[in-house]
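Subject: Structure handover and notes

Dear colleague,

Please find the structure below, together with its sequence. Once you have it open, the notes underneath can be read alongside it.

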Amino acid sequence: MQYFGVDIGGTGIKGAPVDLEAGELTAPRLRVPTPQPALPDAVAEVVGDIVRHFNWSGPVGATFPAVIKNGVALTAANVDQSWVGSNVATKLGAATGDEVTVLNDADAAGVAEMAFGAGKEASGLVVMMTFGTGIGTAVFLHGQLVPNTELGHLEVDGHDAETRASEMVRERDNLSWEKWAHRVNRYIGTLEALLWPDLIIIGGGASRKADKFIPLLDVRTKVVPAQLRNDAGIVGAALAASGDATRPKPPARAVRRRPVTRPPGGGRRP
Ligand code: BGC
């Protein structure tokens with residue numbers, strides 16, 4: 001079954017149809033630079049152009065770098081602040097002529113990794129972290145998404161974590177892998193003090209160079225790189241459009257109950 005996914009970011013807007021059986025794009029994605037400033041009308045127009053480029057008609061999923069509740073953006077990161085309070089789903093729906101489902105960008109990447117990538121076999125508590133312009137997070141319990149976690153903004157050593165440990169900061173300040181890994185270590189350590197994950201998946205731009213810094217981390221939780229790389233957002237958006245943004249998986253029963261056997265005569269002990 002095919003659905004269409006659009007990944008809206010601060011620098012680029014990418015889209016493609018996705019085969020949800022395989023978790024793969026069925027055509028090379030189209031990337032258009034994000035209009036600057038990233039105002040609602042301009043961004044919606046680009047999304048409409050991308051969907052039309054593929055002659056797509058049907059449900060569309062879109063990621064957005066913000067807290068999204070019922071289609072409405074409650075924050076805005078790396079896009080114009082005028083998005084705050086607006087219904088992104090309705091805006092993009094008008095531009096594409098299709099029904100559009102919108103979710104947070106890190107949530108979308110996490111949903112794709114849980115379905116087709118590094119989290120496929122994972123159960124328990126999984127945290128996906130995307131290191132890019134900021135730090136995005138997606139939290140899953142037994143495959144079920146807890147939407148809109150904003151754990152990239154945890155306070156670490158007196159700073160908003162993403163202002164010290166994002167991939168953008170590493171590049172901007174030309175930090176060595178050791179220095180940056182130290183900051184990521186402090187970030188994950190702070191998160192681990194509050195939430196005890198079973199697995200951490202690292203995605204975003206930094207995941208391409210995972211071998212440079214994951215071995216330098218000294219944290220309690222198992223850390224693995226994301227597998228879907230550039231396409232995670234598009235695939236996660238398409239999954240959301242299909243209404244299957246989570247992978248429901250009931251917790252395995254650890255304890256098997258013994259059948260209750262009652263002694264003859266009512267069961268009361270003398
Ligand atoms: C925002 C998140 C977003 C992340 C990655 C953060 O600054 O608060 O909503 O998921 O950046 O784009």
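What follows is an account of what was found in this structure, starting with its overall build and going on to the ligand and some individual residues.

This is a predicted model, in which local features need pLDDT of at least 70 and side-chain atom pairs count only at pLDDT 80 or more, while totals for chains, interfaces and linings use all residues. Residues are numbered from 1 along each chain as its sequence is written, and side-chain values use heavy atoms, with hydrogens and water left out.

Overall build

The protein has eight helices and 15 strands (DSSP runs numbered from the N terminus, with H or I of at least four residues for a helix and E of at least two for a strand). Its C-alpha trace spans about 80 × 45 × 35 Å along the principal axes. Of the 270 residues in the protein, 50% are buried (buried means under 20% relative accessible area, exposed over 50%, and partly exposed in between, with a 1.4 Å probe and protein chains only).

The ligand

The residues around the ligand, meaning those with a heavy atom within 4 Å of it, are Ala 66, Ala 77, Asn 104, Asp 105, Ile 135, Gly 136, Glu 150, His 153 and Glu 162. By class, this shell has three nonpolar, three polar and three charged residues, where Ala, Val, Leu, Ile, Met, Phe, Trp, Tyr, Cys and Pro count as nonpolar, Asp, Glu, Lys and Arg as charged, and the others, Gly among them, as polar. At least three residues of the shell come from each of domain 1 (2-106) and domain 2 (121-225), with bounds taken from an automatic or database domain assignment.

Three side chains of the shell have a polar atom beside a ligand oxygen: the distance is 2.5 Å for Asp 105, 2.7 Å for His 153 and 2.8 Å for Glu 162. Taken alone the ligand exposes 310 Å², and the protein buries 90% of that (accessible areas come from the Shrake-Rupley method with a 1.4 Å probe).

Helix H6

Helix H6 covers residues 177-194, and its 18 residues should span 26 Å at 1.5 Å a residue, which agrees with the 26 Å between its end C-alpha atoms (the expected span is 1.5 Å times one less than the number of residues). Its buried residues include Trp 177, Trp 180 and Arg 183, as well as Tyr 187 and Glu 192.

Loops

Two residues to look at lie in the loop between strand E4 (30-33) and helix H1 (40-53), namely Thr 34 and Pro 37. Thr 34 is buried, because its relative accessible area is 4%, and a polar atom of its side chain lies 2.9 Å from the backbone nitrogen of Gly 12. Pro 37 is joined to Gln 36 by a cis peptide bond, with omega about -5°.

Gly 71, in the loop between strand E6 (68-69) and strand E7 (72-73), counts as buried at 9% relative accessibility. Its C-alpha atom is separated by 7.4 Å from that of Leu 103, although the two residues are 32 residues apart along the chain.

Positive phi values occur in two residues other than glycine: phi is near 65° for Asn 148 and near 50° for Arg 229. Asn 148 lies in the loop between strand E11 (144-146) and strand E12 (155-156) and counts as buried, at 15% relative accessibility. Arg 229, by contrast, is partly exposed at 40%, in the loop between strand E15 (222-225) and helix H8 (232-241).

With kind regards

Note on methods
A polar contact is a pair of N or O atoms within 3.5 Å; within protein, one must be able to donate a hydrogen and the other to accept it, and residues adjacent in sequence count only if both atoms are side-chain atoms.
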